[in-house]
Amino acid sequence: MSEVPTLPVTFRPARTRAVLFGLGGAMFVTLTAIALLLGGITPGDRLSLIFTGALLVGGLVLLARPKVVADDEGVTVVNIARSRRLAWAEIVQVTLRPGDPWVFLNLSDGTSLAAMGIQPAMAKERALADARALRALTEARSTASEELQG
């Protein structure tokens, strides 16, 4: 069993976030510079270019949003557009199989929930360590819950 981290703990893909924020900033600066330096266009066209840059940044910020937050009461999974709060007892298994884009949480109701905050695309070793830590937390917390109920 992996070492159980102290709570609260937040798992998020730091490298992916850095790339997305850097790319967003570069695109916004580039489109704004083009809008301001390009001659012969109307103020509306300039504003459209700047607005397009802002929209692109907004989209990249949404892509950088995923995280998994574990605390004493349970886990909050924040994905691109949705968040879900889970009690420790609801999580049956934490899986990250070879080729998976992110961790999946198998739940007590028979469904599975993607936890996009742990993804091996740009930092495989970090994702594996985070998945092990979340698995250890889940096992420790579900055992503690069973002992309290029993």
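Against which element do the buried residues of α1 pack? I began with this question and found that the buried residues of α1 pack against α2.

**Entry 1: the model and its confidence**

I noted at the outset that this is a predicted model. The chain has a mean pLDDT of 92, and 93% of its residues reach 70 or more. I then looked up the elements: strand β2 (residues 67–70) has the highest mean pLDDT, 98, and helix α3 (residues 124–149) the lowest, 83. I kept in mind that predicted coordinates should not be read in detail where pLDDT is low.

**Entry 2: helices α1 and α2**

I checked the length of helix α1, which covers residues 14–37. Its 24 residues should span 34 Å at 1.5 Å a residue, and the end C-alpha atoms are indeed 34 Å apart, so expectation and model agree. I listed the buried residues of α1 as Thr16, Arg17, Leu20, Gly24, Leu31, Thr32 and Ala35. It is these buried residues that pack against α2.

In helix α2 (residues 43–63) I looked up threonine 52. Is threonine 52 buried or partly exposed? Its relative accessible area is 37%, so I recorded threonine 52 as partly exposed. I also took the separation between the C-alpha atoms of threonine 52 and leucine 38, which is 16 Å for two residues 14 apart along the chain.

**Entry 3: the sheet**

I traced an open sheet of four strands in the order β1-β2-β3-β4, with antiparallel pairing. The edges are held by β1 (9–11) and β4, each with a single partner strand, so one side of each has no neighbour in the sheet. On average, neighbouring strands of this sheet are turned by 15° against each other, direction ignored.

I then went through the pairs. β1 and β2 run antiparallel and are joined by three bridges. Valine 9 stands opposite alanine 70 in β2. β3 and β4 are also antiparallel, with five bridges between them. A hairpin of four residues connects β3 to β4, and valine 78 has serine 83 in β4 as its bridge partner.

**Entry 4: salt bridges**

How many salt bridges does the count give? I recorded four, and I describe three of the pairs below.

Aspartate 71 pairs with arginine 85, with the closest N and O atoms 2.8 Å apart. Aspartate 71 lies in the loop between β2 and β3 (74–78) and arginine 85 in strand β4 (residues 83–87), so this pair ties together parts 14 residues apart in sequence. Both partners are partly exposed: aspartate 71 has a relative accessible area of 21%, and arginine 85 one of 39%.

Aspartate 72 forms a salt bridge with arginine 141, the closest N and O atoms being 3.3 Å apart. Why does this pair tie together parts 69 residues apart in sequence? The reason is that aspartate 72 lies in the loop between β2 and β3, whereas arginine 141 lies in helix α3. I noted aspartate 72 as partly exposed at 48% and arginine 141 as partly exposed at 26%.

Within helix α3, aspartate 130 and arginine 126 lie four residues apart, about one turn of the helix. An α-helix has 3.6 residues a turn, so residues three or four places apart point the same way. The side chains of aspartate 130 and arginine 126 meet in a salt bridge of 2.8 Å, N to O. Aspartate 130 has a relative accessibility of 7%, so I entered this residue as buried, the limit being under 20%.

Notes. Residues are numbered from 1 along each chain as its sequence is written. This is a predicted model: local features need pLDDT of at least 70, side-chain atom pairs count only at pLDDT 80 or more; totals for chains, interfaces and linings use all residues. Side-chain values use heavy atoms; hydrogens and water are left out. Helices (H or I, at least four residues) and strands (E, at least two) are DSSP runs, numbered from the N terminus. Buried means under 20% relative accessible area, exposed over 50%, partly exposed in between (1.4 Å probe, protein chains only). The expected span of a helix is 1.5 Å times one less than its number of residues. Contact means heavy atoms within 4.5 Å. pLDDT is the predictor's confidence in each residue, from 0 to 100. Two strands pair if DSSP finds at least two bridges between them. Axes are lines fitted to C-alpha atoms, for helices over the stretch in contact, and angles run from 0 to 180 degrees between N-to-C directions.
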